Every structure is written in structure tokens, then in C-alpha cells.
Amino acid sequence: MLNAADNELLTRTDGDQPMGQYFRRFWQPVALSAQLPEPDGTPLRLQVLGEKLLAFRDTQGRVGLVDPVCPHRGADLYYGRNEDCGLRCVFHGWKFDVNGKAMDLPNVSPDSNYHGEMAIKAYPTREYGGIVWAYLGPQTEASELPEVPRLEFGELPETHRYVTKKRQECNWAQAIEGALDTSHFSFLHMPAPSVPSNANPDAPADEQRLAWIRRDPMPSFSILSHDVGFVVGGARRAGGNSIYWRMAHFALPSHSTTPSTLPGENYFGYTFVPITDTACWIYTYVWNPDRPLSDEERTQLQGGHGVVAEVGPDYLPLRNKSNEYLLNRMDQKHRTFTGVHGVAEQDAMIQESQGAIADRTREHLTATDAAIVRFRRTVLAGAKALANGDPPQAPLLHESYRLRSGSWVANEGTPFEEIMKERFGDPTGRMPAART
Amino acid sequence: MLNAADNELLTRTDGDQPMGQYFRRFWQPVALSAQLPEPDGTPLRLQVLGEKLLAFRDTQGRVGLVDPVCPHRGADLYYGRNEDCGLRCVFHGWKFDVNGKAMDLPNVSPDSNYHGEMAIKAYPTREYGGIVWAYLGPQTEASELPEVPRLEFGELPETHRYVTKKRQECNWAQAIEGALDTSHFSFLHMPAPSVPSNANPDAPADEQRLAWIRRDPMPSFSILSHDVGFVVGGARRAGGNSIYWRMAHFALPSHSTTPSTLPGENYFGYTFVPITDTACWIYTYVWNPDRPLSDEERTQLQGGHGVVAEVGPDYLPLRNKSNEYLLNRMDQKHRTFTGVHGVAEQDAMIQESQGAIADRTREHLTATDAAIVRFRRTVLAGAKALANGDPPQAPLLHESYRLRSGSWVANEGTPFEEIMKERFGDPTGRMPAART
Amino acid sequence: MLNAADNELLTRTDGDQPMGQYFRRFWQPVALSAQLPEPDGTPLRLQVLGEKLLAFRDTQGRVGLVDPVCPHRGADLYYGRNEDCGLRCVFHGWKFDVNGKAMDLPNVSPDSNYHGEMAIKAYPTREYGGIVWAYLGPQTEASELPEVPRLEFGELPETHRYVTKKRQECNWAQAIEGALDTSHFSFLHMPAPSVPSNANPDAPADEQRLAWIRRDPMPSFSILSHDVGFVVGGARRAGGNSIYWRMAHFALPSHSTTPSTLPGENYFGYTFVPITDTACWIYTYVWNPDRPLSDEERTQLQGGHGVVAEVGPDYLPLRNKSNEYLLNRMDQKHRTFTGVHGVAEQDAMIQESQGAIADRTREHLTATDAAIVRFRRTVLAGAKALANGDPPQAPLLHESYRLRSGSWVANEGTPFEEIMKERFGDPTGRMPAART
């Protein structure tokens, strides 16, 4: 549990809140590139860390991210004309480029100092991995800006990845806590108790893993820190003297990778971005470092698969709180633990059910919550340090974000660090480029 | 009128408010038994006195009423599995019985003191008369709990009663004030002025009563106190030297019976239960002590009849504020006083029109508001006494709630107490078992 | 720009706010006469300057405007019976006339002093020009009431005018500022840049005017004060040595007339009435002093034309914020400057986009905002004077509201006063009856 002050500190990211200021030192996903499909297209309204902004792709394909309020008389630039390398207000024709600089002020006398000085707030943007990222921190010389974190899916050709997002109606922190908590797999994502499972050595790999997870509801956790966060491993008994390990990363301030992947399988990860204090976007990516994703895989992902939710055209999950996630109580009795279809939807249901902002003062944590505790301690320390004048180093370590996680089966007694080396060739799961 | 402080005291029942604490000393209806139709069925979310709770019927048919927040990480137990005599959280499998006691904590180390100590808040429940009642007061030894009030409909076989409820979008107090005010029958529930009525001795009984009510808009009121409240009689001139009496009960804290019943006819009553300060459930019951209700009567009641509203599957009235009660201005001109169909709906319209919480500081009361004044004085005194450390006695007098009320025609000059004896065999309308 | 205090002073009109008190010294439109089409018809709920009121037309055709709360027990008189020259509460039959005086209190003892004293708040009303006006100021002897302003359309036979209204979801002040700002015509209401325009002398008049407006985005403004406000003229270059003048009136506290009318064409005007601080009604009128409007013109106006919006039966614009004004981005690229159909709708879009209450502290005004600056100064001075005990004189000058405005083409160098005389026969556009 947290005291009330730390719960506020952890969860509040709007305005001048310390955690929001901390987030602003890291590049943040603000849109999918696919949401701005063409030059001079429709601008996109968005909100991040409580701030309402407007994104637009200009004639040259550059993405602007600006304060949508025209400085003349406050009209909304969303209704503006996106044309000739800038966004023009339709009220009196004032026009601004992707850097926020006024390009044209047609009703302003030529000798006014408005010309040359007038500007709107604009944040630097980058496109990486099919995502538009923005740096929302203090204004900085372009040369001093950190670089976008080199999450592995972004380094691969577009053919090798699938990138999407889903909106969740709760605070960001309880959402990522759900991702870091690999112990809940023994319940939330399981079949109903009456459904048998098969852990025999000749059963399919998926069947075996499911049986191991189901039989051991109290995995033993180990945590190893790295430059930009930590990796947590949950160890459950498998057949014989074997241990089934499931490893997940946390990377500052709100990235995570998932624990199920065996060698050769697809990797999954997500980044949690506060919209307001009571809603977040979960950017979700699937990648295979070794081969393109197949059409079958893409079709499957579009319909929702694993941690990828089934979403509508606005990236809102089709099964959501307003329709009770289409929970079917007969399914809950006879087929699945929840009666809700989809791992992503099961996660959303439970995380949203914790309240708009989870009240951590009433919790009773257990040993299986080790990663949650470490996550909180890590980001609270970072936000407090920044508030005390000590900015985070992680934003400068963009190469350190090349991280993988997943599953492994090993003999009982093997230390976690050894497991990581066996599975990923590195004690904390860093790709070669991240190890220097 | 009330001063602003007393209006607050009267109407506020959430949290620690004195009136809420007073209500908590009395058993409260929290659901219809029919809303929890089967063991291990879907749990039911509810709210009472501002508190959000979860009801579930366990494998043995017992009803639990619990705080829906799992003490582990705050997930909502509504999404839980209702199985094997308890409700299991789907996040990590914590399971609780109808008394709130933890039955299983599968991710907690066997040597933790969580086992044996962990519990969620649970309130005692009873089923009586097709209603689930809860005691929401201070925790008490089971042996010291008061008993559910023995309202007559609950003593009869199920065949002899019809029990339902409707939601009203206003404070509880103005709703029960509408029930205790039998003078408004001369207006709200009447035909339009242009519709003739017939008070001739050879007219049907219903016609005669209606004519008497209509002709005398200023009945004379008498009130007699009893152990758990009071009975109010409104006297109107009937034909010749006759007086038409209409009697209604108030029983603490929020029960009422209706004034129209002549001997042999069905009895009606209701209990008003605050959901929040601006909404209430009106549990409504119809009973005949002498015979089963017929299929025709049940069908009629299901479609709305008298004080029973026509409701949808969620017990929300079909004609309600959001559709202006389907008020038809042509009907209002030519057929009914309001243009709204149904006595219950007419009551709801006028009570909701008084505002979310009626502002009693602007009222101008008259002699016909005598029962309203007595009601306020009674419950305000009770709430103030409890706040001063003097708990109410009425909750212990469960037998005293066997009360009937209705109509009577008698000679002019007969005192009210005599009228009550003629009609009910007792000066305050108590059934024999309530007279000891 | 304004400082925050003046922005509050300008925009807040509810309760005791100085601007609201200022508005209350002027007759206000509160409904269209057409909204109360028949004696004893359905009452009309309305809100003006934040106050919720009820209008009804009695048996004799008089319009009452009253506080809708019955003084007995607070029931809403909206549900009442409008009959026999009064409105009767359906709860207990209390009845009030258009002056608020109790006519019947049927459940009140004959010797009560309620009779004769009981009353509800009622405001004086007038009907003029198809609009119900109310005087919401301090109670005054009828003989001392000012008269309704003699806006020209109201003086004409009904055949010569078209009167309607539209609701706008923003503060009143930014709405009228949009009306007084004739410089935005060069942008907001123009074709897309790629659409050619024709200013040749042989082009149709409409085409020429459009071309002149479009070519000169920075008109030069002149302002002349008159008894009840001011007239503003915007001068743009036309062909050769000609200047194209567009004149608009502001009349206290919130009337305006439009700048496009050439002699012989229809005149347009509007009155802006705060509903709350974040919504207003825009009463809009079209008139021709010389002839009846044709059926074709009426049909065109009913479908939305010029500053007349296309509205539904509740006078809500069909193209509005909730449907993004049906903005079509292809139309915006290729056909119109905004992609939104209709001048009124383009205005609504931009004015609502300024926020519920425009934040004038962030503005950067230019010379073309001269009329906006003058408007603010005028009404701020009036409200401050009243707050200091100096009530406005304009309400007493009802004849001074006979004002016309429109367009004119004249030689370069002609002073504004001369332009007004040429076009309207008076230096400030007053009709003969207003000149005394």
C-alpha cells in the first residue's frame, strides 16, 4: 500500500504535478502515424498529460504538435485550413508552421511587430515505429534534445511489426501495474476451473504453459535492475525438476514488455501514456525480429489477440466498461475464469474496476506483488528527484531501451541472472546494441 | 417550512449524516429477492444511503451484502466468480463468504497472518416478504440484532401479496411526504374539471369516493401516535350527514400505508429507501390478508395500477422525468387533472418536480399539511436524539409494524379514535399481534 | 485583450453580476411569440440571464413570465393547468395569474391571510415584432417602465419581416463580437482560395462584392457614436478609385445589424440574449421596409440563409458542435474556406470554438478589431456606472433603436459621416423617427 500523498504523487500527471513533469522529460507517444495519414490532411485533436493539443501533418509530411488556440482572438485551429506548409485559422487567416511560428498575419499592418514575433506553443515531434512521439519537456535547443527510446520494434522494417493502441478509462499507473503483475495470469486469463488442462510432456507447448501457470498461483519473483528500469522474473513449478520462468521488463517511465514469448515467437510490449489522470492510451506493439509478420497474424491482431484489444476506428475497445465487457456469466461458469473474451479486455476490466484512480491506501499486498512495489518505488524516486532539481538520466540512454522479455524453462536452482543469460544472452535482457 | 439546517438534517442520509445513522438503526430493504433469483447467480450492484455495495446469493441460498472492493489491490468483486459458497475475485483469486470472511487467498504464503484475519465489510441480511433486508447499523452480536419489522404483507403466504419497487429521482423525504399527504388526492389524481362525477348513493363505490374527494379539497386532519409512528385520518364530507375518512400510517423511519382501502379490498404500502440524497427506491407492496391475489390482479399490477408504477426490467418507471412522464396536454384539458397516466406516475412527477432535494425554506404550509409537519418533527427528533446518544426504540418493536390503513364512512361527529376502532378494531390500526 | 477582471465583468450575467444587472435595465427577448401559439396552451420553460422562468399565454392571450416554483410545497408549475386566466398547480390546486397574484388557494382556510397576499415572482412582458420581451429589472410602477426598443422590423406589418432564433453554446459577448467584426468576412465566409472570383464591372453585384471583400483582408474602420450605441464602417478597396463600405450597428446592450444590405435589399439584425454564462439565444430578424417578403424568400430563410441558421423545432442549429458542423474537409480544400455550409453556421463554429467563455487575456488584437474594442468599452462602462448607482439612459430612448445598416460604394476620400448620409440620409443611420 501507499500513503495518500504517495498515491497522489504516483498518479497525478497533469499541470505542474511532479509525476507529469517527470513524464515530460521522456519522449511520449502522442498518436499513431496512421492517424495522420496524409500531408495537408485533417488535423488531429489529442490530449496528453492533461494538455489539449492539435497535431497536423504539413505539406512536406512533417508533424506539428501545437496549442490549438489562435493567439489573435482564441479561435480553435482545429477548424483551420492545413495548407502550404502551415495551419491557417479560418477566422482571420493567421497561419502557423509546424514549429508554431506565424507565417502569415493578413489582417495585421505590415509595420506591426506581430510579424516575426507571433507564435503558438509547439512541441518537437519524431516518428518512430509507426508512432508520433513528442518531447513535452522544457524548451531546449534542438541539439540538446534527447533521442526517442530505441524500443526494438521501431528498429525493424515495418513488415516485422504491428502497432496499435487502445484507450483505457483509468489512471495510467494501475494499468502498467497490471502489465507488470505476471502473477494474475494464474487467474484472470485462465479457463474456468471445470475446464481440464494438460501438462503432459506430449501436450502442445501452449497447453503445457497454461497448465503450469494454472497450477502454481504463487510464483516466486526475482528482480534485476538495469539502466532504464528493471526486469522481473516469475518462477513457477513445471514438470519434474523444471521451473517455468516468465520475465517482463519495466522501462522508465511507462514502458513494459510481456512474459510469454518463447524463442522464435512474437514479442509484445506496451507504453502507457496518460491522457488525463483518469484515462490513458496503451500503445501496443507486436514484433518479430527474425521475419515479417504474416497476413494471418495481422488479421488475427486486427480482431484482437493477446494483449492487443479489439478496437473500433477511434481505438476504443469494443468490449468496454459501458457494455460491461460483454461479460457472459454462463461463459464464466463453464468456459473462462472471467466470462470476458480477450486477454486485453480481461486486463481492462480488472484495471478499470480498481476505480478511476486506484486507492492504494486500502491495499493488502503480498509477495507476488514484488514488481508492483519496485515499479512504484522507482518512479516515485524519479519524480521526487526531479522535483528536487535532479533530472532523470534515462531519457539520455535511448539505446538502453532495446529490451526483450519472455518465457524460459530451466532446471530448478538456476539463478535468475543465469536464466536471463540463457534466454536472452544478457543478464537483463538487453539486445547487443544496448549493452555498451 | 423548515429552516435550512433542519432541511439538511431531514434529507441527508449519506456518510455520517445524523439521518443516515438513524436509518441505519432500522432494517432497510436493499433489493427484491427476485433480483437474486438463484444460488451462485450474477451478483447485484446496489447503493443504499449513499454506500455502494454488492449483494450475492451463495450456493446455499444465503444472501451476502458486502463492500465490493477486494482488499488485495482494489478490484471490483462484481466481476468475481460466485461459486462454492463464496465470491472469488478474478484478479488473484481471493475469495470471501457471505459474512465477509476470507475463505481462500491462493497467492498468499501459508504462514501469513492474512489467513484468518482478512475480511471485507459485510452487513447482516434477512429475506422477508420477497425483499432482502439489511442491517446497516453498528456491528452487533447476532443475538442483539433487532428483527425485521413485521409488516403484514410479509407474514402472509406469497400467494397473498405482490411486491415490487420503483426508482424515483429525488430525495426520500419529499417522496414519503407525498405519500403521507392524502389531501392532494383532491387534485393530482382527479379527472379534468370538465369530467362529471357521480356521488349518488346508487353510483358505484369508486365513483362515490372519487366524487367526495373531489368536492372537498380541504379535508380535516386528525393524528394519533402509536409505538412506531402515527396514523393520520383525513375527513371529507360525503353524502348527507356522513363523513368519508381516509387513513394512512407512517412507521419509522420511512414506511407508509395508503388510505383508500375499504374492507375486503387490497391493502397497499410502501417503504422509501434512500439510494443517494437525490434518488430513492420506493418498495411497494399490495396484499390481501384474506385471499390470494388473482391472476388478473397480478397482470394489472404488472402493468402499473394505483401506487404501483409501470416499470421496466430495472424497475425504472417507463413514464419518467426524461420523457416528461408522457404528459399529454390534450388529456390534461379534457380527461385527467395532470394529463399523465397512472397514480404512481402522477406522484413521481410532482415529487421529482420539487427538485432533487426540495427546498423547504420557501414553503407556505397549510392546515392540510398536518401529517407532513408531524412526520418531519418525528424523524428529526429521532435523528437528533440518536446524535445525542439516545438510540431509537422502534427498531426493537418489530411486531408493532403490523399495521393497516384505509377508508371508512361514518356519521358526522364520530371521533377519529372511534373511527379507527370501527374500521380496524383498534384505535391506531394495529393488527392483534401488534397490540401486546 | 482584457484583464481577467474585465473579462469576468463583461461575460458574467447571472445572479447579481453587474453585467446581468445592466442587462436587466433593458427589455430582453425571452421567447418567440410563435412558441406560445395559443391561449391556455402548453407553458414554456425558459432561462434568461441564468434565471429559470416559466412563460404561459393565458385565456385572454396575455403572456405571463413567472417563477415556476409553487410557494406551497415547491412543485413545478410547468406541470400545471393553464386555464381560466391563470396557471394552476396540479398538486393542491393553487392558481396564479400572469401578474403572479394568487387567484385560488383551495386547500387554504378562508380566514387565512394567504388569500390576498400569496404571490409568485412575475415579470412584465410585451409582444413586439413576433417576440415576447420581458423587463427583468427592479420592480417598478407600470407607468415608469421603459418601453420596448423600437427596432424597425417590429414597426412593420408581419408580412414584411421574418423572425426566428438560434441557440449558441457560448457566452453572449463573443457571439456579438463575431457580429460586430466585419473583417472576418474576408476569410470565414469566403470560397476556398482555389475558387476564382470576378470583380469585373459586368459581374453580378454579389460576385463583385465578394471579390472586393476577398481581395482586401484588412479593411479600414471608422466608428461613430449615437444615442444607444455606435455604427462601425469597414472600408475596402473596390474597382478603380471606389471604396466599398460595409456598415454595422451596435445598440445597447446586445443588438446588432448587418453590413451587407444594398438599397432595396432585405435588412438583417440580431439580438443576443444570455441563457447562462455559457449559452445564448440569438434572435435573428429579416425585414424589408418597402414590401412584403415573398414566399420564396420565406422558404429560403426557413432552410437557413445568410445569418439565419437552419434550425430544428427547438431552434437548435442542425449543424452544430455535437456534429462538428458537418465540416467536410474536401469542401474545405476545394469549395469553401471552412468546409461548413452556411454563414450562420460558420459564425457559430468559430464563436463556439473560442471556448464556453472566451479567454480575452490571451488575445492579440489588431486594428481591424476596432469595433470589438469599442463594444467592450461601451458595455463595461455601462455596467460599471450602474454598479456605482448610475443607471443607463438608453432604455428610455426606445425610439432611438430605429436603425439601419448596410453597404455602399463611394469615391475614395469620402468621410464616413458623409457615407452614412448618402446611404441612410443620416450620419448615424437613424430612421427619421429616431432623429428627434
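Hi everyone, this is a short tour of the contact between chains B and A, the symmetry, and one glycine.

A word on the source: this is a predicted model, where local features need pLDDT of at least 70, side-chain atom pairs count only at pLDDT 80 or more, and totals for chains, interfaces and linings use all residues. Residues are numbered from 1 along each chain as its sequence is written, chains are lettered from A in the order in which they are written, and side-chain values use heavy atoms, leaving out hydrogens and water.

Let's start with symmetry. A turn of 120 degrees and a shift of 0.1 Å along the axis lay chain A on chain C with an RMSD of 0.1 Å (least squares on C-alpha atoms of residues with pLDDT of at least 70 in both). That is the relation of a three-fold axis. In chain A, the residue closest to this axis is A:Ser322, at 12 Å by its C-alpha.

Now, the interface. Here 32 residues of chain B are in contact (heavy atoms within 4.5 Å) with 32 residues of chain A.

How many salt bridges lie between chain B and chain A? There are four, a salt bridge being a side-chain nitrogen of Lys or Arg within 4 Å of a carboxyl oxygen of Asp or Glu. A:Glu324 forms one with B:Arg45, with the closest N and O atoms 2.4 Å apart.

Finally, our glycine. A:Gly382 sits in helix 10 of chain A, residues 370–387 (a DSSP run of H or I, at least four residues). A:Gly382 is buried, at 13% relative accessible area (buried means under 20%, with a 1.4 Å probe and protein chains only). Its C-alpha is 9.2 Å from that of A:Leu252, 130 residues apart along the chain.

Conventions:
Helix = DSSP H or I, 4+ residues; strand = E, 2+ residues; numbered from the N terminus. Buried < 20%, exposed > 50% of the residue type's maximum accessible area, 1.4 Å probe, protein only.
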